[in-house]
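Here is a short report on one protein chain. Keep the sequence and the structure open while reading.

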Amino acid sequence: MRIAIFGGTFNPPHLGHENCIKSVQSALELDKLIVMPDKLPPHKQAENLATESDRLNMCRLAFESESCECSDWELKGEGRSYTVITLRHFREIYPSDKLYFIMGSDMLLSFDKWYCYEEILRLSALVCVSRSDEDTERIKPCAERLNSIGGDIEIAHTEPLDISSTQIRSLVAQRKFTKLSCYLNENVVKYIEENRLYL
């Protein structure tokens with residue numbers, strides 16, 4: 001099988017994430033996609049972070065289908081979420097399958113600074129999501145360099161959506177719920193409203 005893992009804070013999961021998932025599924029003809037909310041992202045400080053259970057529930061409302069499942073594996077772990085530890089886990093579960101790890105273009109540019117990045121390259125292919133031809137040209141040299149040391153880097157193109165989680169949380173704080181339908185799945189909007197998140 002061809003299985004991709006899409007990690008993130010998902011605070012909250014929005015239509016930009018959904019658009020990215022659809023683009024990767026189409027480009028790679030995936031059999032399964034695993035959406036994985038992270039516990040404590042090691043590369044950034046998360047602002048106004050919803051609870052782990054709320055982020056997982058919102059991901060399930062936004063993404064789950066026959067070909068997409070949401071995993072709480074990182075949320076159940078201790079400490080920060082490191083990609084290599086996650087990939088070791090899924091490599092044990094799927095020893096003979098093709099694994100892909102989805103990342104944004106900026107992440108690829110700093111990938112050689114990630115914890116155990118060479119082991120990550122052995123455990124999984126990387127799918128770098130590009131939002132424009134200019135973005136693709138910017139990341140190509142990095143992809144080629146990683147491929148030269150044994151990596152398997154693919155670039156998937158997606159239509160850019162100008163969506164910011166910070167902006168969404170700001171709209172919620174201002175109780176502008178009617179504007180959220182431009183950015184969020186309607187079930188996620190309902191969940192945020194009913195559970196009074198980000199207020």
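## Surface and overall form

Accessible areas here come from the Shrake-Rupley method with a 1.4 Å probe. By that method, the protein chain has an accessible surface of about 10400 Å². Carbon and sulfur atoms account for 46% of this surface. The model is a predicted one.

The protein chain holds nine helices and six strands. Its C-alpha atoms occupy a box of roughly 50 × 35 × 30 Å along the principal axes. Does the radius of gyration fit a compact globule, or depart from one? It fits: a compact globule of 199 residues would have a value near 16 Å, and the protein chain has 17 Å, which agrees.

## Burial, contacts and charge

Of the 199 residues, 48% are buried. Contacts often reach across the sequence. Take those between residues at least 6 apart in sequence: 75% of them join residues at least 24 apart.

The protein chain carries 24 positive and 31 negative charges. The mean positions of the two sets lie 5 Å apart.

## Strand β1 and its partners

Strand β1 covers residues 2-8. Five of its seven residues are buried, so the rest of the structure largely encloses β1.

Which strands pair with β1? One is strand β2, residues 32-37, which runs parallel to β1 and is joined to it by six bridges. Another is strand β4, residues 98-104, also parallel to β1, with four bridges. Ile5 shows both pairings. Ile5 stands opposite Ile34 in β2, and Ile5 also stands opposite Phe101 in β4.

## Two buried residues in helix α7

Helix α7 spans residues 133-148 and contains Ile139. Is Ile139 buried or exposed? Its relative accessibility is 0%, so Ile139 counts as buried. Leaving aside residues up to four places away in sequence, Ile139 touches Ser105, Leu108, Leu109, Cys128, Ser130 and Ile155. Val129 sits ten residues from Ile139 along the chain, and their C-alpha atoms are 10.0 Å apart.

Thr136 also lies in helix α7. Thr136 has 7% relative accessibility and therefore counts as buried. With the same sequence neighbours left out, Thr136 touches Ser130, Ile155 and His157. Ser130 and Ile155 thus appear in the contact lists of both Ile139 and Thr136.

## A cis peptide bond

Which residues does the cis peptide bond join? The bond links Asn11 and Pro12, with omega at about 5 degrees. Pro12 is placed in the loop between β1 and α1, the latter being residues 15-28.

## Positive phi after α9

Helix α9 covers residues 186-194, and Arg196 is found in the segment after it. Phi of Arg196 is near 55 degrees, a positive value in a residue other than glycine. Tyr198 is found in the segment after α9 too. Phi of Tyr198 is near 65 degrees, again positive in a residue other than glycine.

Which side of the cut-offs does each residue fall on, buried or exposed? Buried means under 20% relative accessible area, and exposed means over 50%. Arg196 has 53% relative accessibility, so Arg196 counts as exposed. Tyr198 has 7%, so Tyr198 counts as buried.

Methods
Residues are numbered from 1 along each chain as its sequence is written. This is a predicted model: local features need pLDDT of at least 70, side-chain atom pairs count only at pLDDT 80 or more; totals for chains, interfaces and linings use all residues. Side-chain values use heavy atoms; hydrogens and water are left out. The radius of gyration is taken over C-alpha atoms; the globule rule is 2.2 Å times the number of residues to the power 0.38. Buried means under 20% relative accessible area, exposed over 50%, partly exposed in between (1.4 Å probe, protein chains only). Contact means heavy atoms within 4.5 Å. Lys and Arg count as positive and Asp and Glu as negative; His and the chain ends are not counted. The place of a charge is taken as NZ of Lys, CZ of Arg, CG of Asp or CD of Glu. Two strands pair if DSSP finds at least two bridges between them.
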